[in-house]
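Student: Could you walk me through the annotated domain in this one? I'd like a close look at how its sheets and helix pairs are put together.

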Amino acid sequence: MQELTHYLNGAHVKGTSGRFADVMNPATGEVQAKCPLASKEELEQAVAFAAAAQPAWAATNPQRRARVLMKLVSLLNRDMDKLAEALSREHGKTLPDAAGDVQRGLEVVEYCIGAPELLKGEYTDSAGPGIDMYSMRQALGVTAGITPFNFPAMIPMWMFAPAIACGNAFILKPSERDPSVPLMLAELAEEAGLPKGILQVVNGDKEAVDAILYNDTIQSVGFVGSTPIAEYIYGTGCAQGKRVQCFGGAKNHMIIMPDADMAQAADALIGAGYGAAGERCMAISVAVPVGDETADKLIKELVPRIESLKVGPYTSGKDVDYGPVVTAAAKANIERLVQTGIDQGAELVVDGRDFKLQGYEDGYFVGPHLFDRATKDMDIYKHEIFGPVLTCVRAQSYEEAIGLAMDHEYGNGTAIFTRDGDAARDFANRINVGMVGINVPIPVPLAYHTFGGWKKSVFGDLNQHGPDAFKFYTRTKTVTARWPSGIKEGGEFSIPVME
């Protein structure tokens, strides 16, 4: 049985708390490793290392810091297959999807190479008589991030890349369900030239999270996960005087207008709804066709596509569409919500409840499901399922369709499929959701824009990556300078007289 470690001050360090979490193989249901769960004392040790290393790193000019990130990009590309395989082994997603996880994180590292430009301040000459004024963006100090199981490469890089580019030290508390890739990322960062103590990995559960929140040295905390935990971390962290950004749950709607290309819309829904077994905060889990005729056409296109999906372990090859969900508890929750949908009167058009994969009967595989004629009072509509379940809610008009998305408590992402530019423009302007796709099903912004939802999908006023990340991980200091006049004339040798 492999025993994983923390990564502290440039070294793998065994856990000392005596507490461990099982790291499962989701395809087989077998325990493949033990992950140490840090105590408060272990977290404080990481903070001490970070606090000692950070001042020298912040004093390193931003161009030299950017060169470390440039080298890290090269190493990530070199080890892409190795990282993807480790990610798939613990998370269960397919190899192409795992490589995409790494790639989308790598792109944020690439963006952060521009730190010398992004950290430039502002200057005003002659703000007053003999007065100049300028502002600087300075590192916060020691920062921390708490990241989820579903993107164990991408989201850690979304956090630590801008943090260290700005001159901070960063302590990563990844999900204990798939911690190997975060440990590998820390090793690669130091191979790229990052000083010891600037990026550390502390594995843990709520005890480690609370140790982060109540540690006075840690200046900021980032989090991605469920909304209840996001609310807890945001409230607790802010009460402790920290800068906090938290990203929570989602229930992403895709509106299909009568003029949309139904085959294109169906293809989009298949990838966005069932990719990664639906374990994405940007997954489309609600399809909203406008009009019964549109809905009937859409269902007709969807059913054969869903029934032909290939579900299996990542080892079965690159033609697997999606793999298992991450834990037995996740599988049970999906099955419970599916049964709730049936009990509450939704029509189960594609029933994946009896799905079994020969040779992997103990794995956490969930067959694809499609509900039709669901209503907004049903649990399958109100709650985030986080599984391969697509729910169709029929709307009789555009206004009803947009109202569904606007009235939902979550506002992470949304999409509209249409050929009508006026409808698309109106949708983009009116919708109260943070990321909008027009004929694009998963509108995750590229690294040089920012990622973030609205409503109960986000807590905090700054988004992830893009320019907002450099604002989040720095403080602005403004200097007003005035120098006495007359010094430049030099000394006077005549006897001073009264004028």
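Tutor: Sure. UniProt, in an unreviewed entry, places the feature "domain: Aldehyde dehydrogenase" at residues 13-479; its positions are given in the numbering used here, feature names are shortened, and such annotations may be inferred rather than shown by experiment. Keep in mind that this is a predicted model, where local features need pLDDT of at least 70 and side-chain atom pairs count only at pLDDT 80 or more, while totals for chains, interfaces and linings use all residues. Residues are numbered from 1 along each chain as its sequence is written, and side-chain values use heavy atoms, with hydrogens and water left out.

Over residues 13-479 the chain is 41% helix and 21% strand, and the end C-alpha atoms sit 43 Å apart. Helices (H or I, at least four residues) and strands (E, at least two) are DSSP runs, numbered from the N terminus.

Let's start with a hairpin. β4 and β5 form one with 4 residues between them, and G29 in the turn has a positive phi of about 75°. β4 pairs with β5 (residues 30-36) in the antiparallel sense over 6 bridges; two strands pair if DSSP finds at least two bridges between them. Along that ladder, F20 has P36 of β5 as its bridge partner, and A21 stands opposite C35 in β5. In a regular strand the side chains alternate between the two faces of the sheet. The hairpin strands belong to an open sheet of 3 strands, ordered β1-β5-β4 with mixed pairing. Its edges are β1 (2-3) and β4 (20-25), each pairing on one side only. Lying across β4 and β5 is helix α3 (residues 80-91), which runs at about 100° to β4. Axes here are lines fitted to C-alpha atoms, for helices over the stretch in contact, with angles from 0 to 180 degrees between N-to-C directions; contact means heavy atoms within 4.5 Å.

Another open sheet of 3 strands goes β6-β7-β23, with antiparallel pairing. Here the edge strands are β6 (122-128) and β23 (474-482), each paired on one side only. Neighbouring strands of this sheet are turned by 25° against each other on average, direction ignored. β6 is joined to β7 (residues 131-139) by 4 bridges, and G128 has I131 of β7 as its bridge partner.

Now the helix pairs. The axes of α2 (residues 62-78) and α7 (residues 180-191) come within 8 Å and cross at roughly 130°. That makes α2 oblique to α7, given that angles under 35 degrees count as roughly parallel, over 145 as roughly antiparallel, 65 to 115 as roughly perpendicular and the rest as oblique. V68, L72, L75, L76 and R78 in α2 meet L185, L188, A189 and E191 in α7. By class, that contact has 7 nonpolar, no polar and 2 charged residues (Ala, Val, Leu, Ile, Met, Phe, Trp, Tyr, Cys and Pro count as nonpolar, Asp, Glu, Lys and Arg as charged, and the others, Gly among them, as polar).

For α14 (residues 398-407) and α15 (residues 421-430), the axes come within 11 Å and cross at roughly 25°, so α14 and α15 are roughly parallel to each other. Y398, E399, I402 and M406 of α14 make the contact with A423, D426, F427 and R430 of α15. By class, the contact of α14 with α15 has 5 nonpolar, no polar and 3 charged residues.
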